[in-house]
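Colleague: Hi, I'm new to this one. Could you pull it up and walk me through it?

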Amino acid sequence: MTATTADVWLPYPAEEIDGLPDGPNYLFWNGGPDFPADPADCAYYVVPYMQGPEVAQRPLAAMSGVQVVQTLSAGIDHVEPGLPLLPAGVRLCNAKGVHEASTAELTLALILASLRGFPGFVHGQDKEEWRSGFYPALADKSVLIVGYGSIGSAIEDRLAPFECARVARVARSARTTARGPVHTLDDLPALLPEADVVILSTPLNPSTQGLVGADFLAAMPDGALLVNVARGGVVDTKALLSELESGRLRAALDVTDPEPLPQGHPLWHAPNVLITPHVGGSTSAFEPRAKRLLADQLTRFAAGEPVRNVVATTG
């Protein structure tokens, strides 16, 4: 089986993706109960988007000939546990370049809505109450971005016009950018006390699981806002609830732990929290960017060229 004759599993019908190369046998599968063909014949597997880890990992054990597993998400935590089921040398690629615009837009929306009191205005409208007053502005705030990859950088792009006092950056590795230094997680104890707004845009992995626990939150100043557009597991929900219920901190969350947040969970009605249902990447900007990524990746694959966005290789 060569790349040009291989089975490629797509979550879109092939005719809906402009620019796909001729040659591969394109098969549509978006997580339905029946596979489109024998998984053993699949060479390039595009994981169905937002269908959960059970769907993402279901065919992996039978994919003995797969060469590339492609997610349409920036995160890979829904696929990663299934990687040991795959043969050696399989490349796992993420969707870098697809979600930056949408996620950065939502991040700014969450910050502005939370600071300016939009949840209270909506409740006031429901009750026909005119809730005027003074509210915090983003201008003159110090912002800390924890997770300064492509999404973190896109968030800072959109913060630029808002006259923030300072933007600090944290990532796995220290480096220098055109905007300034990027610190490591070890620097958080020194950075958190100065941060009025803390944005989480980090991947979920062993070093970030539960990163935002009681100590992290206690280091944030009174009245600070925590914004999570990363993964729910980055935050210790119990510790966050304690800070919210005390009234000391505020939060705007696009992701939660558990997720989906079940009915009756105390986070739904905690004070000073704004919750959106994991819609950071789910906008009209997603599909055209996802399809462009797939066309580019599969053109490379069919030509025997290196694919982009490789984040892991099975061994």
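Modeller: Sure, let's begin with a pocket: the second largest one has a volume of about 230 Å³. A pocket here is an open set of points on a 1 Å grid over the protein atoms alone, with protein on both sides within 12 Å along at least five of seven lines, and a lining residue has an atom within 4 Å of a point. Grid points are joined across faces, edges and corners, and the volume is the space filled by probe spheres set on the points.

Colleague: Before we go on, what kind of model is this?

Modeller: This is a predicted model, where local features need pLDDT of at least 70 and side-chain atom pairs count only at pLDDT 80 or more, while totals for chains, interfaces and linings use all residues. Residues are numbered from 1 along each chain as its sequence is written, and side-chain values use heavy atoms, with hydrogens and water left out.

Colleague: OK, back to that pocket. Which residues line the second largest pocket?

Modeller: The lining is A113, F118, P119, V122, H123, L267, W268, V273, L274 and I275. Helix 3 and strand 13 (273-275) are the elements that give two or more residues to this lining, and helix 3 has the largest share, with four residues. Helices (H or I, at least four residues) and strands (E, at least two) are DSSP runs, numbered from the N terminus.

Colleague: And by class, what is in that lining?

Modeller: Nine nonpolar residues, one polar and no charged ones. Ala, Val, Leu, Ile, Met, Phe, Trp, Tyr, Cys and Pro count as nonpolar, Asp, Glu, Lys and Arg as charged, and the others, Gly among them, as polar.

Colleague: How many cavities of 30 Å³ or more does the structure hold?

Modeller: One, with a volume of about 50 Å³. A cavity is a set of points where a 1.4 Å probe fits but cannot get out. Its lining includes N228, D257 and L267, and by class there are five nonpolar, four polar and one charged residues.

Colleague: D257 again, please. What sort of peptide bond runs from D257 to P258?

Modeller: A cis one, with omega near 10 degrees. Another cis bond joins E259 and P260, with omega about -5 degrees. P258 is in the loop between strand 12 (250-253) and strand 13, and P260 is found in that loop between strand 12 and strand 13 too.

Colleague: New topic: how many salt bridges are there?

Modeller: The count is 12, a salt bridge being a side-chain nitrogen of Lys or Arg within 4 Å of a carboxyl oxygen of Asp or Glu. One of them pairs E156 with R179, at 3.9 Å from N to O. E156 lies in helix 4 (residues 150-159) and R179 in the loop between strand 8 (175-177) and strand 9 (180-183), so the pair ties together parts that are 23 residues apart in sequence.

Colleague: Is E156 buried or exposed?

Modeller: Buried, at 5% relative accessibility, whereas R179 is partly exposed at 39%. Buried means under 20% relative accessible area, exposed over 50%, and partly exposed in between (1.4 Å probe, protein chains only).

Colleague: What about K291, which residue does K291 pair with?

Modeller: K291 forms a salt bridge with E287, with the closest N and O atoms 3.0 Å apart. Both lie in helix 8 (residues 286-302), four residues apart, about one turn of the helix. Elsewhere, salt bridges that share partners join E156, D157, R169 and R179 into one network.
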